[in-house]
Amino acid sequence: MPKKFIEGTELVKAGFANGISTQLAEKQKLEGPEATLTDHEKQVIIERAADAYANFLTALGCDYADDPNSADTPFRVAKAYVNDLWKGRYEPLSKITAFPSDGYDGIVQESNIPVTSMCSHHHQAIRGTVSIAYIASEDGKVVGLSKLNRIVEQFGRRGAIQEQLTVAIHNAVDKICEGNLGVAVQVNATHACVSCRGVKHGGASMQTAKLTGAFLHEASAKAEFYKNIELAEKCHH
């Protein structure tokens with residue numbers, strides 16, 4: 001079964017920290033929504049960002065160029081943003097194969113999906129887990145389990161606020177799992193902007209959830225979703 005590009009998964013304005021980069025957006029205007037940045041185009045972004053970060057360190061009174069531990073820091077930081085920390089801003093969501101459900105009409109759920117993201121406000125780490133569930137219809141579509149992990153990576157590897165990250169993951173799953181009868185997403189994460197600055201409270205975590213369809217309107221489906229999260233947590237330990 002051929003892989004399919006899913007449109008409509010981007011919900012925020014291009015250029016925002018939790019959206020695709022302006023460079024990718026400009027290329028997609030010219031070549032279509034499946035366009036990707038070349039390695040050379042990414043390298044240009046890295047080099048320009050490294051120059052800007054060098055100026056940032058200088059403004060903070062850091063003589064990075066003379067410090068053997070910091071001399072390459074501007075390049076390292078810029079490269080990390082493009083290739084890892086904000087990777088989801090520089091690549092479109094990969095094509096996904098959806099399969100017929102073959103009559104299965106129950107819950108499909110994956111819990112304890114690791115998520116690493118970055119707070120848009122202070123650029124501090126957000127780390128936690130995501131639980132995703134959808135209810136397939138008899139004539140609907142299901143996806144390979146790892147595709148749910150890929151969705152989390154795509155939208156997690158950006159600047160984010162947890163509330164919108166939850167919505168972005170939910171929207172993508174809803175688009176990809178065609179004919180579903182409901183989608184549920186819960187994110188449980190810690191925020192370094194809380195533990196490392198401001199109130200400096202370590203150990204505090206934030207829970208967000210978005211439920212639609214049967215998960216929102218049927219108590220049994222909602223209860224099963226949260227019960228599965230509990231069971232997954234026990235298995236995890």
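## Cavity, salt bridges and two helices

The structure holds one cavity of 30 Å³ or more. The model described here is predicted. The space in this largest cavity comes to about 60 Å³.

**The cavity and helix α5**

The lining of the largest cavity is made up of Thr9, Glu10, Leu11, Val12, Asn18, Phe155, Arg158, Gly159, Ala160, Gln164, Leu165 and Ala168. Two elements, β5 and α5 (162-176), give two or more residues each to this lining. The largest contribution is that of α5, with three residues. Sorted by class, the lining consists of six nonpolar, four polar and two charged residues.

Helix α5 is largely enclosed by the rest of the structure, because eleven of its 15 residues are buried. The buried residues of α5 are Gln162, Gln164, Leu165, Thr166, Ala168, Ile169, His170, Asn171, Ala172, Val173 and Ile176. The end C-alpha atoms of α5 are 21 Å apart, in agreement with the span of 21 Å that its 15 residues should have at 1.5 Å a residue.

**Salt bridges**

Side chains of opposite charge can pair when their charged atoms come close. In this model there are eight salt bridges, including the three in the table.

| Salt bridge | Closest N to O distance |
|---|---|
| Glu10 and Arg158 | 2.7 Å |
| Lys42 and Glu91 | 3.0 Å |
| Lys29 and Glu26 | 3.5 Å |

Glu10 and Arg158 are both among the residues that line the largest cavity, and their side chains meet in a salt bridge. Glu10 lies in the segment before α1 (22-31) and Arg158 in the loop between α4 (145-156) and β5 (159-160), so this pair ties together parts that are 148 residues apart in sequence. Glu10 is partly exposed, at a relative accessible area of 32%, whereas Arg158 is buried, at 0% relative accessibility.

The bridge between Lys42 and Glu91 also joins separate parts of the chain. Lys42 belongs to helix α2 (residues 39-59), while Glu91 is found in the loop between α3 (73-85) and β1 (98-100); the pair therefore ties together parts that are 49 residues apart in sequence. Lys42 has a relative accessibility of 13% and counts as buried. Its partner Glu91 is partly exposed, with a relative accessible area of 26%.

The bridge between Lys29 and Glu26 lies within one helix. An α-helix has 3.6 residues a turn, so residues three or four places apart point the same way. Lys29 and Glu26 are three residues apart in helix α1, which means that about one helical turn separates them. Lys29 is exposed, with a relative accessible area of 64%, and Glu26 is partly exposed, at 46% relative accessibility.

**Helix α2**

Lys42, described above for its bridge to Glu91, is one of the buried residues of α2, together with Ile45, Ile46, Ala50, Ala54 and Leu57. These buried residues pack against α1 and α3. For the 21 residues of α2, a span of 30 Å is expected at 1.5 Å a residue, and the end C-alpha atoms are 30 Å apart, which agrees. Gly61 follows α2 and has a positive phi, near 80°.

How values were computed:
Residues are numbered from 1 along each chain as its sequence is written. This is a predicted model: local features need pLDDT of at least 70, side-chain atom pairs count only at pLDDT 80 or more; totals for chains, interfaces and linings use all residues. Side-chain values use heavy atoms; hydrogens and water are left out. A salt bridge is a side-chain nitrogen of Lys or Arg within 4 Å of a carboxyl oxygen of Asp or Glu. Helices (H or I, at least four residues) and strands (E, at least two) are DSSP runs, numbered from the N terminus. Buried means under 20% relative accessible area, exposed over 50%, partly exposed in between (1.4 Å probe, protein chains only). On a 1 Å grid over the protein atoms alone, a cavity is a set of points where a 1.4 Å probe fits but cannot get out, and a pocket is an open set with protein on both sides within 12 Å along at least five of seven lines; lining residues have an atom within 4 Å of a point. Grid points are joined across faces, edges and corners, and a volume is the space filled by probe spheres set on the points. Ala, Val, Leu, Ile, Met, Phe, Trp, Tyr, Cys and Pro count as nonpolar, Asp, Glu, Lys and Arg as charged, and the others, Gly among them, as polar. The expected span of a helix is 1.5 Å times one less than its number of residues. Contact means heavy atoms within 4.5 Å.
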